[in-house]
Amino acid sequence: MRVLGVDPGLTRCGVGVVEGVAGQPLTMIGVGVVRTPADAELGQRLVAVEQGIEQWLDEHRPECVAVERVFSQHNVRTVMGTAQASAVAMLCAARRGIPVALHTPSEVKAAVTGSGRADKAQVGAMVTRLLRLDAPPKPADAADALALAICHIWRAPAQNRLQQAVALHAATARKGRTA
């Protein structure tokens with residue numbers, strides 16, 4: 001499975017592509033940051049994020065896009081920019097028919113480090129180790145994007161089985177009502 005992880009942000013939007021399957025060594029295909037000038041008009045910044053993500057989708061052809069789920073922060077302006085960049089990433093994937101998965105920051109940290117309260121240095125260190133890199137990706141947004149992709153590769157099989165079980169249960173329940 002090839003996954004594009006997106007750590008959304010207006011100034012720095014981390015992007016990283018990881019390939020592999022759960023239980024096997026993973027491979028980093030690419031990592032980077034889509035940057036926009038903080039003094040640019042909002043619409044221009046969103047277009048720049050879109051163009052950057054589209055370029056990553058064109059170049060790496062992921063099977064899925066994993067985006068960090070936006071959570072409430074104290075700074076409303078920051079959370080709005082993050083949510084807007086997140087929506088752009090989801091739109092780019094949806095436009096191409098690529099499935100999108102959302103993962104919370106604590107879910108990603110727990111998947112990669114074993115602790116949902118890990119700091120950025122711990123996430124970077126584990127991403128480096130898991131992908132057998134020489135050094136942690138910089139900036140942290142890039143490492144976070146790779147962590148999102150790793151989290152999705154590891155969690156997708158279990159999530160798919162759960163969704164299938166729920167669908168089967170719903171279908172069985174509907175049959176029982178019509179019999």
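**Group meeting: strands, a histidine pair and two cores**

Okay, let's start with one residue pair: L4 stands opposite V17 in strand 2. Just so everyone knows, this is a predicted model.

L4 takes us to the first pairing. Strand 1, residues 2-7, runs antiparallel to strand 2, and 6 bridges join them. These two strands form a hairpin, with 4 residues between them. On to the next partner: strand 2 also pairs with strand 3, residues 27-35, again in the antiparallel sense, over 8 bridges. If you want a spot to click on there, take G14, whose bridge partner in strand 3 is V33.

So why do I call strand 2 largely enclosed by the rest of the structure? Well, strand 2 covers residues 12-19, and 6 of those 8 residues are buried, so the strand is largely enclosed. As a reminder, in a regular strand the side chains alternate between the two faces of the sheet.

Right, now the histidines. H152 is in helix 5, which spans residues 140-178, and H103 lies in strand 5, residues 100-103. What joins their side chains? It's a polar contact of 3.0 Å between H152 and H103.

Are these two buried or exposed? H152 has a relative accessible area of 7%, and because the cut-off for buried is under 20%, H152 counts as buried. H103 comes out at 0%, so H103 is buried too.

Have a look at who surrounds them. Leaving out residues up to four places away in sequence, H152 touches M1, V3, C64, A66, A101, H103 and Q159. With the neighbours within four places set aside, the contacts of H103 include A66, V67, E68 and R69, and on the helix 5 side they include L148, C151 and H152. You'll see A66 and Q159 in the contacts of H152, and A66 and Q159 also turn up for H103.

For scale, H103 and G52 are 51 residues apart in sequence, and their C-alpha atoms sit 21 Å apart in space.

Last topic, the cores. In soluble globular proteins, nonpolar side chains tend to be buried together. Here the largest nonpolar core has 20 residues, and those with the most contacts inside it are V18, V127, L131 and I150. The elements giving two or more residues to this core are strand 4 (64-68), helix 3 (105-113), helix 4 (120-130) and helix 5. Which of them gives the most? That's helix 5, with 7 residues.

Apart from that one lies another core, of 18 residues, including C13, V15, L57 and V65.

And if you'd like to poke around the largest core yourselves, try L131: not counting residues up to four places away, L131 touches V18, L26, T27, M28, L146 and I150.

How values were computed: Residues are numbered from 1 along each chain as its sequence is written. This is a predicted model: local features need pLDDT of at least 70, side-chain atom pairs count only at pLDDT 80 or more; totals for chains, interfaces and linings use all residues. Side-chain values use heavy atoms; hydrogens and water are left out. Buried means under 20% relative accessible area, exposed over 50%, partly exposed in between (1.4 Å probe, protein chains only). A polar contact is a pair of N or O atoms within 3.5 Å; within protein, one must be able to donate a hydrogen and the other to accept it, and residues adjacent in sequence count only if both atoms are side-chain atoms. Contact means heavy atoms within 4.5 Å. A nonpolar core is a set of buried Ala, Val, Leu, Ile, Met, Phe, Trp, Tyr and Cys residues joined through side-chain atoms within 4.5 Å. Two strands pair if DSSP finds at least two bridges between them.
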